[in-house]
Amino acid sequence: VRAAVERLSAPEKAEVLVEALPYLRRFAGAVVVVKYGGGAIGEDLSLFAQDAVLLHSVGLRVVVVHGGGPQIGELMDRLGKVPQFVDGLRVTDAETLDIARMVLVGKVNRDIVRALNVHGPVAVGVSGEDAGLLLARPSAPELGFVGQVEAVDPGILERLLAAAVIPVVATIGSDGGGQAFNINADTAAGAVAEALGAAKLVYLTDVDGVRTSPDDPATVQSTVTVDELDTLLAQGAVRGGMIPKVRSAAAAVRGGVGHAHILDGRVPHALLLEIFTRAGVGTMVDR
Ligand SMILES: Nc1ncnc2c1ncn2[C@@H]1O[C@H](COP(=O)(O)OP(=O)(O)O)[C@@H](O)[C@H]1O
Ligand SMILES: [Mg+2]
């Protein structure tokens, strides 16, 4: 790609920048919540960091919410911890919660913050436990410390954004009594986007978008409405890790978020392409 860009003439390069102009104007000052998925994080953190810092530098207010499922699984393996399941659902006991918290807050969050701060002092990491950000309650008692978002207090994020900082959120929540819970990062990102009145909620994942037939790349949708997402869910066309994305994308758009996008975060600069070019990539969710 770099070689091709270097072959562009100066007027061609200028044309590329000019294509971004209407988008720069439209989104100046807008809040964009980017959920960076565990699958995409395995790829190049420095490319993601360039995109997020570029958006930040041209005046968008960027909030990063990250997952880390594969990274948690990896440390569990290394520690010889065998996952427990109830009716096919993974149980989070106190030890698993500790591992999840260590990996998300202590490793994945740090890695993202470090990659962003290579470009200057722009990013601060927070956990949902910080300043009451994510108030949690158990999603199902038999699953242990898996939490659901009860409420979002966006105050700490608003203060960081006002200070021109990119907050990077690890999705560990806490109940009123100080008990921690592991919260699905898709759900948390949707709730945070809604609480901040975000213009955009972008899921960077490891698939090209929402497909009407999960295993068939030819069925990827470039735009879907929230009602169409409900239908896909009801038909069983959305499975596994795509379910919380589709549910929370639909809920966030119904709750006032401008648009939600589901993109392949492994594609270099997917985030920039979606926000600053006519073509766009992945799936855009409309009202
Ligand atoms: N209808 C669908 N369209 C696209 N992907 C789907 C669909 N149903 C299930 N999936 C699966 O959802 C996965 C993305 O969710 P997940 O693995 O949890 O990623 P992340 O780490 O980004 O949360 C894809 O890799 C894909 O296999
Ligand atoms: Mg997932």
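This section describes the surroundings of ligand 1 and the two largest pockets in a predicted model.

The shell around ligand 1 comprises 17 residues, and Thr 205, Asp 206, Arg 211, Ala 237 and Lys 245 are the closest of these. By class, the shell consists of six nonpolar, six polar and five charged residues. Two helices, α4 (residues 38-41) and α11 (residues 242-254), each contribute at least two residues to this shell.

Polar contacts to the ligand involve both side-chain and backbone atoms of the protein, including those of Lys 35, Gly 38 and Arg 211. In the case of Lys 35, a polar side-chain atom is placed 3.1 Å from an oxygen atom of ligand 1. A polar backbone atom of Gly 38 is found 3.2 Å from an oxygen atom of the ligand. For Arg 211, which is also among the closest residues of the shell, the contact is made by a backbone N or O atom at 2.8 Å from a nitrogen atom of ligand 1. On its own, ligand 1 has 580 Å² of accessible area, of which the protein covers 77%.

The largest pocket holds about 1300 Å³ of space. Its lining is formed by 44 residues, with Ile 183, Asn 184, Ala 185, Asp 186 and Pro 244 lying closest to the pocket centre. Both helices and strands give two or more residues to this lining: the helices are α4, α6 (69-78), α7 (94-117), α9 (185-196) and α11, and the strands are β4 (89-91), β7 (146-152) and β10 (180-183). Helix α11 provides the largest share, with seven residues. Helices α4 and α11 thus appear in the lining of the largest pocket as well as in the shell around ligand 1. The lining is made up of 16 nonpolar, 21 polar and seven charged residues.

The second largest pocket contains about 950 Å³ of space. Of the 20 residues that line this pocket, Val 5, Val 16, Leu 54, His 269 and Leu 272 are the closest to its centre. Four helices, α1 (2-7), α2 (10-19), α5 (45-57) and α12 (270-276), each supply at least two lining residues. The largest share, four residues, is contributed by α2. The lining of the second largest pocket divides into 14 nonpolar, three polar and three charged residues.

Terms used
Residues are numbered from 1 along each chain as its sequence is written. Chains are lettered from A and ligands numbered from 1 in the order in which they are written. This is a predicted model: local features need pLDDT of at least 70, side-chain atom pairs count only at pLDDT 80 or more; totals for chains, interfaces and linings use all residues. Side-chain values use heavy atoms; hydrogens and water are left out. A residue is near a molecule or strand if one of its heavy atoms lies within 4 Å of it. A polar contact is a pair of N or O atoms within 3.5 Å; within protein, one must be able to donate a hydrogen and the other to accept it, and residues adjacent in sequence count only if both atoms are side-chain atoms. Accessible areas come from the Shrake-Rupley method with a 1.4 Å probe; for residues, only the protein chains shown count as cover. Ala, Val, Leu, Ile, Met, Phe, Trp, Tyr, Cys and Pro count as nonpolar, Asp, Glu, Lys and Arg as charged, and the others, Gly among them, as polar. On a 1 Å grid over the protein atoms alone, a cavity is a set of points where a 1.4 Å probe fits but cannot get out, and a pocket is an open set with protein on both sides within 12 Å along at least five of seven lines; lining residues have an atom within 4 Å of a point. Grid points are joined across faces, edges and corners, and a volume is the space filled by probe spheres set on the points.
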